[in-house]
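Let's work through a few "how do you know?" questions together. Have a look at the model, then we'll start.

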Amino acid sequence: MDFGLSEEQEMIQKAARDFAAKAVAPRARELDEKSEWPTDLVQQMADLGFLGIAIPDELGGGGADYVSYALAMIEISKACASTGVIMSVNNSLVCDPIYKFGSAEQHEKFLKPLASGEKLGCFGLTEPSSGSDASDMQTVAVQEGDEWVINGAKNWITNGPHADTCVVFCCTDRSQGARGTTAFIIEKGTPGYEPQPADHKLGIHAAHSCTLFFEGCRIPDANRLGEVGGGFKIAMNTLDGGRIGIAAQALGIAEAAYEKAVQYSKERKAFGQPLAKKQAIQFKIADMAIDLAAARALILKAAVLKEKARTEKVRHTSESAMAKLYASEMATRVTHQALQVFGGYGYSKEYDMERHYRDARITEIYEGTSEIMRIVIGANALKGA
Ligand code: CAA
């Protein structure tokens, strides 16, 4: 597979790198410390066309491809993983399913403002008692005439406290298992749709998540996304794309930690020499460099396939899961080793390293844990065996 970047991909990568260096990186530590939502950075991402980057221009998006999306995600997450995931959720988990499964009316009403960044979205699948076993949901939607009434709760919903639009998955027929799930689009301000205060987490402090309560939340059938009973497949298909975004986020975090460790190892002296002269440190740097390169190759492969799937009947379920699994576990390894190179300073709040170390951890959990990724990859590998 050829990963030579096109002129347009390089241009978008550069635009993301410049934005990350000038606007995001200088704010990242403070945003983390204060758990502050980056309102201004979200607005700037909207202005740059990064919130619906791979949605066609005529639907309000940036008109770019999924490789460009992954490249931009890497650069922005390198500066601030919180800002990265806010972007990823809006692109992969909200714009994408409405683009793929929404009607022309839904494109006009919901997708255009989301893809242009005028509005922000969130994705409601996980519940207090079901995360990995996603089809075992307790949130129900009952049809009453031309309306649906939703009751239940979703939790850990990234962007939840600030989102204008929520793509939510509900059980509409328990007897059908996964085939009894239906997707809906809910707008902020709908009576009975109640986002709760932001969660307290180990990392990605500036990317607020929360529980969403649905109490007699009544929406028109026009807000149903896809077929009745088709929601689980929409969720899975959406996560096939979302996992590329999280893999790119993980790579960005790891690259930031690696580059800082390389720099520090050249400056810091021990036993009369820079750390970089020590073979123990050189081996760590070598292992990190290989890990980063391998993750990048897996991410780009999955992104190329996702782009191909726009026009051809191609599945990238396994490739996305491989990219997400490898990149997230890699980010944990790399940030661990990079912090080790920094020694005590790595453990200090005065440096970014401890933030990278904390931020990396979530990438092994959200949008499918490492264990679920292994189930998905194994099941695909054994298909027909
Ligand atoms: N694309 C399309 N359809 C798919 C699919 C895919 N990738 N994967 C499965 N399906 C279909 C199957 O073909 C099957 O269809 P049929 O009924 O027609 O046969 C149906 O979906 C059910 O499939 P399974 O029997 O495989 O489903 P399962 O209940 O065993 O679950 C699972 C499979 C892979 C474990 C799934 O539940 C899963 O991915 N769990 C993890 C959930 C997850 O990633 N949650 C993240 C939440 S979002 C988040 O974190 C966002 C955030 O805030 C950042």
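Q: What makes domain 1 and domain 3 count as contributors to the lining of the second largest pocket?
A: Each of domain 1 (7-120) and domain 3 (239-383) supplies at least three residues of that lining. The domain bounds come from an automatic or database domain assignment. One thing to know early: this is a predicted model, where local features need pLDDT of at least 70 and side-chain atom pairs count only at pLDDT 80 or more, while totals for chains, interfaces and linings use all residues. Residues are numbered from 1 along each chain as its sequence is written, and side-chain values use heavy atoms, with hydrogens and water left out.

Q: Which element gives the most to the lining of the second largest pocket?
A: That's H1, with seven residues. Helix H1 spans 7-34; helices here are DSSP runs of H or I with at least four residues, numbered from the N terminus.

Q: Why is the ligand said to lie between two domains?
A: Domain 2 (122-231) and domain 3 (239-383) both give residues to the shell around the ligand, so it lies between them.

Q: What makes Lys-233 a polar contact of the ligand?
A: A polar contact is a pair of N or O atoms within 3.5 Å (within protein, one must be able to donate a hydrogen and the other to accept it, and residues adjacent in sequence count only if both atoms are side-chain atoms). An N or O atom in the Lys-233 side chain is 2.7 Å from a ligand oxygen, so the pair fits the definition.

Q: How do you know that Thr-317 makes one too?
A: Its side chain has an N or O atom 3.4 Å from a nitrogen atom of the ligand, so that pair also passes.

Key
Helices (H or I, at least four residues) and strands (E, at least two) are DSSP runs, numbered from the N terminus.
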